[in-house]
Amino acid sequence: MNEMNQALDFFEKDPDVGAIVITGSEKAFAAGADIKEMQNRTFQECYGGNFLAHWNRVSLVRKPVIAAVNGYALGGGCELAMMCDIIYAGEKAQFGQPEILLGTIPGAGGTQRLTRAVGKSLAMEMVLTGDRISAQEAKEAGLVSKIYPVEKLLEEAISCGEKIAGNSKLVTAMAKEAVSAAFEMTLTEGNKMEKRLFHATFATDDRKEGMAAFVEKRKANFTDH
């Protein structure tokens, strides 16, 4: 996670990067935190050192982040995927929060993000039993947006990233901020924030160019017909 955070910091500062894809191997996106590493930790160590706090960095990235999940996304792996903005899954992907089976609970957003993504009932079932769900079940529940064959997954995730990166980077950051706010604000507050960001786009050259190009294209199409 330290290495990933360093990479994210690097990509955030690079003006040529418009989107980021996080993936693992075909067998596992991430099978969870190292249990041996945390096995002998005390409460004082965890609380005093704010254990796992640095894991949250992914959710703070301003650029769009896509998770390409093949195989297992369990425990911290599932939490990592949920910190991303878009989740694409391979056909054999499995998602789960099995911490209860180890005598603990999710500690990097699992109880919060999973509930917001799939609703209380399924989140409770997954967290309280440790049971996994398939890619198909994850898509039906709203955790995943698309499913692809294992060998096509990364290619499709990168294609999505390229499509996003082809838009205005400034306005994309505004759009991501607005959607993300829906999880933190009431509907009234969220709508106010959206309106402020929407109005702000009218101060950008990207908005002027985008609308001018659209109008010209419509004129050309109208003339052709």
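Q: How many salt bridges does the structure hold?
A: This is a predicted model, in which local features need pLDDT of at least 70 and side-chain atom pairs count only at pLDDT 80 or more, while totals for chains, interfaces and linings use all residues. Residues are numbered from 1 along each chain as its sequence is written, and side-chain values use heavy atoms, with hydrogens and water left out. A salt bridge here is a side-chain nitrogen of Lys or Arg within 4 Å of a carboxyl oxygen of Asp or Glu. By that criterion, the number in the structure is five.

Q: How many residues apart are Asp 9 and Arg 57, which link distant parts of the chain?
A: Their side chains meet in a salt bridge at 2.7 Å, N to O. Asp 9 belongs to helix α1 (residues 2–13) and Arg 57 to helix α4 (residues 57–60); helices (H or I, at least four residues) and strands (E, at least two) are DSSP runs, numbered from the N terminus. Along the chain, the separation of the pair is 48 residues.

Q: In the salt bridge of Asp 85 and Lys 176, does Lys 176 count as buried or exposed?
A: These two side chains meet at 2.7 Å, N to O, and they connect the loop between α5 and β5 with helix α10 (residues 169–181). Buried means under 20% relative accessible area, exposed over 50%, and partly exposed in between (1.4 Å probe, protein chains only). Asp 85, at 35%, is partly exposed. Lys 176, at 13%, counts as buried.

Q: Which element gives the largest share of the largest nonpolar core?
A: A nonpolar core is a set of buried Ala, Val, Leu, Ile, Met, Phe, Trp, Tyr and Cys residues joined through side-chain atoms within 4.5 Å. This one has 34 residues, and those touching the most other members include Phe 29, Val 58 and Phe 95. Among the elements that each supply at least two residues are β1 (20–23), β3 (65–69) and α5 (76–83). The largest share, five residues, comes from α5.

Q: Why do the buried residues of α7 lie on the same side of the helix?
A: The residues in question are Ala 123, Met 126 and Val 127. They share a side because the arc they cover around the axis, taken from the directions from the helix axis to the C-beta atoms, is only 90°.

Q: Which exposed residues does α7 carry on the face turned away from its buried side?
A: The buried residues of α7 pack against β6 (94–96), α6 and β7 (132–134), where contact means heavy atoms within 4.5 Å. On the face turned away, the exposed residues are Ser 121 and Leu 128.

Q: Which residue of β3 is the bridge partner of Val 21?
A: Along β1, Ile 20 and Ile 22 point to one face and are buried, while Val 21 and Thr 23 point to the other and are not. Strands pair if DSSP finds at least two bridges between them, and β1 and β3 do so in the parallel sense over four bridges. The partner of Val 21 in β3 is Ile 66.

Q: Which strands stand at the edges of the open sheet?
A: The sheet has four strands in the order β2-β4-β6-β7, with mixed pairing. Each edge strand has a single partner, so one side of it is left without a neighbour in the sheet. The edge strands are β2 (28–30) and β7.
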